[in-house]
Amino acid sequence: MWTSLGTVTESAGPRAASGRFWAVVLGAAAGVFLLGFLIGWFAKPTEKTSVSPHEDMKAAFMAEMKAENIKQFLYNFTQLPHLAGTKENLNLAQQVQAEWKEFGLDSVHLVHYDVLLSYPDDTKPNYISIIDEHGNEIFNTSLFEPPPPGYEAVRDVVPPYSAFSAQGIPEGELVYVNYGRTEDFFKLEREMEINCTGKIVIARYGKIFRGNKVKNAELAGAKGVILYSDPADYCTPGADPYPNGWNLPGGGAQRGNVLNLNGAGDPLTPGYPAKEYTYRLDKASGVGLPKIPVHPIGYHDAESLLRNMGGYGPPHSSWKGNLNVSYNVGPGFTTNYSTRKVKMHIHSHNEVRRIYNVIGTIRGEVEPDRYVILGGHRDSWVFGGIDPQSGAAVVHEIVRSFGKLKKKGWRPKRTVIFASWDAEEFGLLGSTEWAEENAKVLQARAVAYINADSSIEGNYTLRVDCTPLMYRLVYSLTKEIPSPDEGFEGKSLYESWYKKNPSREYKEVPRINKLGSGNDFEVFFQRLGIASGRARYSKNLNVEKYSSYPVYHSVYETYEVVERFYDPTFKNHLTVAQVRGGLVFELANSIVLPFDCRDYASAVSNYAHIIYNLSRNHEEELATYNVSFDALFSAVKNFSEVAASFHERLQQIDINNQLAVRSLNDQLMFLERAFIDPLGLPGRPFYRHVVFAPSSHNKYAGESFPGIYDAMFDIKNKADQHEAWDEVRRQISIAAFTVQAAAETLKEVA
């Protein structure tokens with residue numbers, strides 16, 4: 001069985017008597033969890049004395065996956081662009097469908113939706129100009145990226161653009177806003193007293209989701225946004241630009257959507273599947289659409305725009321990138337060029353087009369009404385060498401390997417669903433629409449969702465983001481998989497992962513991150529409450545400070561960048577396939593679901609301490625407005641006790657009593673669902689998980705107890721302090737109720 005984790009919590013320091021009591025109680029509980037973990041850890045046998053049929057089949061499945069197959073699949077998937085809504089991407093969907101049928105799945109279907117997408121105008125290209133006082137264009141940015149060697153003749157390469165940008169030709173003074181984060185605009189507006197109203201702002205990519213940058217600029221009153229990739233954020237020191245290295249060339253630019261959907265799916269059919277019969281909002285009033293023009297450029301063009309910036313100097317060294325410019329903030333250019341302005345020419349348009357998911361199924365032999373889902377997207381901005389096809393190639397090999405076992409007469413205990421999602425790049429549309437259409441069935445039957453986007457974003461070590469329910473499963477599985485890393489020959493993936501990236505929250509285990517968003521697990525986890533996880537090979541975050549990976553969403557993201565620089569032997573791809581595939585295998589075949597609710601208790605306890613400690617920056621206000629976390633700490637204590645009791649019952653279960661096993665498994669399966677608030681978070685109704693949500697300030701990052709966190713964010717600057725702290729109290733009560741309600745679901749069934 002699974003052993004729980006010991007939470008590393010910070011001391012809360014001097015506090016009210018009741019607060020001290022709960023901290024001590026929860027600290028003791030965490031200590032008990034750690035002790036149990038250590039006892040279980042060292043008591044584990046070092047060698048397996050017998051091998052079960054389950055382990056036999058799992059070993060056969062893991063051995064079936066081959067690096068050479070993944071390599072070939074990646075090559076096949078990256079020879080043409082596969083932009084959502086195009087014929088090329090439909091052709092790829094049909095190819096995947098045909099091959100999954102050939103691999104032996106029980107059924108494979110194309111499932112279509114009609115969603116709002118966004119494209120440049122072929123006859124009126126998007127660009128940015130510097131204009132003189134007479135309106136003459138002195139400088140224009142590039143209309144396209146120079147093609148990589150070998151791809152000069154490829155047609156239908158969409159030029160760099162910001163999907164769903166508003167149309168317009170605004171002109172105005174330029175203001176440099178660093179990364180365009182909330183704190184960057186606070187710095188400009190509150191400390192430097194620079195007003196961005198009516199200005200065009202230029203922000204460098206990195207740190208946060210591009211849609212959040214655009215939203216921040218809108219709120220600041222900007223009339224347009226220019227996004228660029230600074231070498232400081234998209235070039236590894238010592239590496240050459242592509243094609244001689246993996247760095248972004250100066251003419252490369254990052255495509256991407258600039259929506260703020262907050263989980264809504266198709267902007268015209270929020271909450272409901274975009275089928276033929278569905279009511280649609282007017283295009284102009286779609287959810288999350290930006291109201292100002294946005295456009296991405298490369299760093300060569302950015303240097304020309306930033307070279308003569310005037311106004312204030314950068315407020316801090318952290319505002320400087322690696323271009324040969326001053327990084328002056330502005331507004332506008334230096335005295336010699338003060339009559340010049342920047343003008344944007346953006347003509348992209350939004351239109352409804354049909355997209356296609358590929359849905360394949362292997363029916364479960366024992367519990368066909370319990371679903372384990374593996375999904376990753378297929379659409380790409382251009383060739384998609386890393387995003388998404390390094391993930392799609394791994395999914396393809398996992399499907400082939402499952403099919404091989406099925407052809408030999410094997411079936412999983414539970415039904416496995418494989419998905420090739422469309423239009424992920426346009427706002428997670430394919431996965432969200434499918435989940436909306438099947439929401440009632442998924443809420444009743446889905447055990448877990450494993451996400452499979454890019455398999456690599458570096459070549460240093462494993463990266464996992466998942467629900468706390470899966471921590472033990474991930475750790476157990478990675479101990480069985482050999483490490484592909486140099487210097488770790490003969491050692492497990494777990495060992496190299498732990499050595500390279502130890503946890504900051506738990507003792508003596510590798511780091512696992514919270515789930516944020518920006519990928520197809522969002523609707524399953526954040527809206528429906530289905531236990532979810534993702535795994536890929538990543539970079540050394542302590543050294544490689546650049547965002548994402550250098551050629552992200554550019555034309556240079558080719559098969560060759562993977563094969564030459566990231567993973568020549570495809571050993572890391574194979575490792576990721578074994579992790580993703582192994583998770584699906586265990587979730588679909590273990591008699592007792594491999595979830596540990598005690599790890600959830602440890603996590604919730606840890607997060608309660610973190611949010612409480614954050615509140616202690618406002619000790620006076622906590623007292624003035626009678627804000628107490630006691631109810632939350634009490635609920636966490638109750639949840640911890642019930643989780644421990646549930647685990648004890650699980651240890652004593654008669655695995656031959658199928659009804660008893662099914663009953664306990666359902667309690668485990670529905671635990672994630674218990675953290676869902678049907679009303680959603682304030683202003684974000686499709687984010688309904690009370691413990692986890694994407695950050696309001698960065699969609700990519702996960703936030704714990706987001707309702708409380710958002711209520712306290714920048715609270716000192718809110719006009720009505722009584723109302724602001726009243727909302728904090730309300731969010732604490734919602735969190736306390738939800739944690740307590742979740743505890744009730746784990747109690748012994750009467």
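This tour moves from the whole protein to single helices, loops and residues, naming at each stop what to select.

**The whole chain**

Begin with the entire protein in view, bearing in mind that the model is predicted. Its C-alpha trace spans about 85 × 65 × 55 Å along the principal axes. A compact globule of 750 residues would have a radius of gyration near 27 Å, and the 26 Å of this protein agrees with that. Colouring by secondary structure will show 22 helices and 19 strands.

Colouring by accessibility gives a second view: of the 750 residues, 62% count as buried. The surface that remains exposed amounts to about 28200 Å², and carbon and sulfur atoms supply 51% of it. Selecting the charged side chains brings up 78 positive and 87 negative ones, with the centres of the two sets 2 Å apart. How much of the contact network joins residues at least 24 apart, among contacts between residues at least 6 apart in sequence? The share is 80%.

**Helix α20**

Next, select residues 658–669, which form helix α20. This helix has twelve residues and reaches 16 Å from its first C-alpha to its last, close to the 16 Å expected at 1.5 Å a residue. Display its side chains and pick out the buried residues: Val-661, Leu-664, Asn-665, Asp-666, Gln-667, Leu-668 and Met-669. An α-helix has 3.6 residues a turn, so residues three or four places apart point the same way.

Which elements do the buried residues of α20 pack against? Add to the selection the strands β13 (367–377), β14 (414–421) and β15 (446–451), together with the helices α11 (439–445), α19 (630–651) and α22 (721–746); the buried residues of α20 pack against these elements.

**Ala-446 in strand β15**

From Met-669, step across to Ala-446, which is in contact with it. Ala-446 is found in strand β15 and is buried, with a relative accessible area of 0%. Leaving aside neighbours within four places in sequence, the other residues in contact with Ala-446 are Tyr-371, Ile-373, Val-441, Ile-530 and Arg-673. Select Arg-370 as well: Arg-370 and Ala-446 are 76 residues apart in sequence, while their C-alpha atoms are 5.8 Å apart.

**Val-395 in helix α9**

Now move to Val-395, which lies in helix α9. At 4% relative accessibility, Val-395 counts as buried. Beyond its neighbours within four places in sequence, Val-395 is in contact with Trp-100, Leu-374 and Ala-452. A C-alpha to C-alpha distance drawn from Val-395 to Gly-581 should read 8.2 Å, although 186 residues separate the two in sequence.

Just before α9 (389–407), in the loop between β13 and this helix, is Pro-388. The peptide bond that joins Asp-387 and Pro-388 is cis, with omega about 10 degrees.

**A second cis bond and two positive phi angles**

Most residues other than glycine have a negative phi, and most peptide bonds are trans. The bond from Tyr-242 to Pro-243 is also a cis one, with omega near 20 degrees. To find it, select the loop between α7 (231–234) and β9 (256–257), where Pro-243 lies.

Asp-156 and Leu-428 may be visited as a pair. Asp-156, in the loop between β3 (137–140) and β4 (162–163), has a positive phi near 65 degrees. Leu-428, in the loop between β14 and α10 (429–437), has a positive phi near 60 degrees. Which of these residues is buried, and which is exposed? Asp-156 is exposed, with a relative accessible area of 52%, whereas Leu-428 is buried, at 3%.

**Asn-357 and Asp-122**

Select Gly-430 and then Asn-357; their C-alpha atoms are separated by 6.3 Å, and the residues are 73 apart along the chain. Asn-357 has its place in strand β12 (residues 349–362) and is buried, with a relative accessible area of 0%. Its contacts beyond four places in sequence include His-109, Tyr-113, Trp-421, Asp-422 and Trp-434.

The final stop is Asp-122, in the loop between β1 (107–119) and β2 (127–131). Asp-122 is exposed, with a relative accessible area of 79%. Its C-alpha atom is separated by 9.0 Å from that of Ser-348, a residue 226 places away along the chain.

Note on methods: Residues are numbered from 1 along each chain as its sequence is written. This is a predicted model: local features need pLDDT of at least 70, side-chain atom pairs count only at pLDDT 80 or more; totals for chains, interfaces and linings use all residues. Side-chain values use heavy atoms; hydrogens and water are left out. Helices (H or I, at least four residues) and strands (E, at least two) are DSSP runs, numbered from the N terminus. The expected span of a helix is 1.5 Å times one less than its number of residues. Buried means under 20% relative accessible area, exposed over 50%, partly exposed in between (1.4 Å probe, protein chains only). Contact means heavy atoms within 4.5 Å. The radius of gyration is taken over C-alpha atoms; the globule rule is 2.2 Å times the number of residues to the power 0.38. Accessible areas come from the Shrake-Rupley method with a 1.4 Å probe; for residues, only the protein chains shown count as cover. Lys and Arg count as positive and Asp and Glu as negative; His and the chain ends are not counted. The place of a charge is taken as NZ of Lys, CZ of Arg, CG of Asp or CD of Glu.
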